[in-house]
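Trainee: Could you take me through the helices close up, starting with how well covered they are and moving on to how they pack?

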Amino acid sequence: MRQFHIDEEASRCLLCADAPCSHACRVGDPARAIRAVRFDNAKLAWKWVKDCSDADLDAAQQACIHYDRPIRIGEIVKNLPEAVEERDELPSLSIDFCGIKCENPFFLASSSVCTNYEMVARAFEMGWGGVFYKTICLQDINEVSPRFDAMSNSANGDFYGFRNMEQLSENPAEVDFDILKRLKENYPSKVVVASIMGQTEEEWIELAKMAEAAGVDAVELNFSCPQMRLTGMGSDVGQDSELVLFYTAYVKRNVSIPVIPKMTPNITHISQPAMASYFAGADAISVINTIKSITMDERGAVTDKKTVSGYSGRAVKPIALRFILEMTKNPIMKNVQYSGIGGIETWRDALEFI
Ligand SMILES: Cc1cc2nc3c(=O)[nH]c(=O)nc-3n(C[C@H](O)[C@H](O)[C@H](O)COP(=O)(O)O)c2cc1C
């Protein structure tokens, strides 16, 4: 099996929580090893399977619940590259972001992966430095289902992009702010950011004050969701520099925690709203949200209808980097801090953004 084949095989893994393959293996943790290969750390994969016999790996492979065919765990292990020695003392990855001390620069972006207490708690326990929690609003959000699908390579099933028509959190705002309060109390070293979206000046202020009262570290202003059902919200705001300026300024005047507007890529010159938010006092800028696209194809169409919604994942990484570059090259915004988002899968992707 060639190196690229290991990657391909590992990329089929469904990344099960509490993976059955690792349960079936007596001595190692094949799920961790496969995850290491999948996320470009193949040289560290060996340590999770070094004591496994062929029988252990066979048992692991038989336990795989992949819907298509089991991951060829034994073959992946046989073809792992030479292991590297792990250093005893690792350098610190801690950073200062908007004056907040962060254990590391890796945060969950506001989305369906962080919509309740348990999801975020698990991410924190796995080592994530912080979370931008799923966007909280004051409207009733009734999502459709399905609302998410993956664009994949028909030859090997490897996915390269996601399309989603999800809007904001379906929880009442009080419920979400209570979750954020408990997360901050139980994980004080982690950074908890409330993402919010109002429809009027009053709503922006009310939500920001609720966030501050919940004890979160910062507030992110969602000016960028491309599929809001109501007009005057999400990317409608992000495309209008004047609204970005006003809403950022209103929030800044009413809370003392850092304020981080999130920009939309559905615009020609991102520097215009970004500068508006900077002049209104933004402490940092998040970029990018999803790119307007068509959802979904015939396999996932909801009652045969299609609509405009957001595209994300590996395919959007160069576009996200282009927008970040455009802002960092702007001499007026030299000292702004950025939260870079868009298609980050591996540590190499993260390094490119940094
Ligand atoms: C299913 C889904 C739900 C999302 N919900 C939100 C949201 O509530 N608020 C927000 O600011 N961005 C939301 N996003 C956008 C992501 O935070 C992120 O900006 C975008 O997906 C690009 O990053 P990625 O390529 O790593 O997914 C969502 C994205 C997805 C795929």
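Mentor: Let's start with a word we'll need: a residue is buried if 20 or more other C-beta atoms, placed from the backbone, lie within 10 Å of its own, exposed if 12 or fewer do, and partly exposed in between. Keep in mind that this is a predicted model: local features need pLDDT of at least 70, side-chain atom pairs count only at pLDDT 80 or more, and totals for chains, interfaces and linings use all residues. Residues are numbered from 1 along each chain as its sequence is written.

Helix H3 covers residues 30–38 (helices are DSSP runs of H or I with at least four residues, strands are E runs of at least two, and both are numbered from the N terminus). H3 is mostly covered, with seven of its nine residues buried. Those seven are Pro30, Ala31, Ala33, Ile34, Ala36, Val37 and Arg38. After H3 comes Asp40, which has a positive phi near 75°.

Now for packing. Helix H7 (residues 117–126) meets helix H8 (residues 173–186) at about 25°, and their axes are 10 Å apart; axes are lines fitted to C-alpha atoms over the stretch in contact, and angles run from 0 to 180 degrees between N-to-C directions. So H7 is roughly parallel to H8 (under 35 degrees; over 145 is roughly antiparallel, 65 to 115 roughly perpendicular, the rest oblique). Their crossing is right-handed: the near helix is turned clockwise from the far one by less than a right angle, where anticlockwise would be left-handed. Tyr117, Val120 and Ala121 of H7 touch Ile179, Arg182 and Leu183 of H8, contact meaning C-beta atoms, placed from the backbone, within 7 Å. By class, that contact has five nonpolar residues, no polar ones and one charged. Nonpolar takes in Ala, Val, Leu, Ile, Met, Phe, Trp, Tyr, Cys and Pro, charged takes in Asp, Glu, Lys and Arg, and the others, Gly among them, are polar.

There's another pair to look at. Helix H11 (residues 241–254) and helix H12 (residues 271–279) pack at about 25° too, with axes 8 Å apart. These two are therefore roughly parallel, and H11 and H12 cross in a right-handed way. H11 brings Ser241, Val244, Leu245 and Thr248 to the contact, while H12 brings Gln272, Pro273, Ala276, Ser277 and Phe279. Sorted by class, this contact of H11 with H12 has five nonpolar, four polar and no charged residues.

Notes: Contact = placed C-beta atoms within 7 Å.
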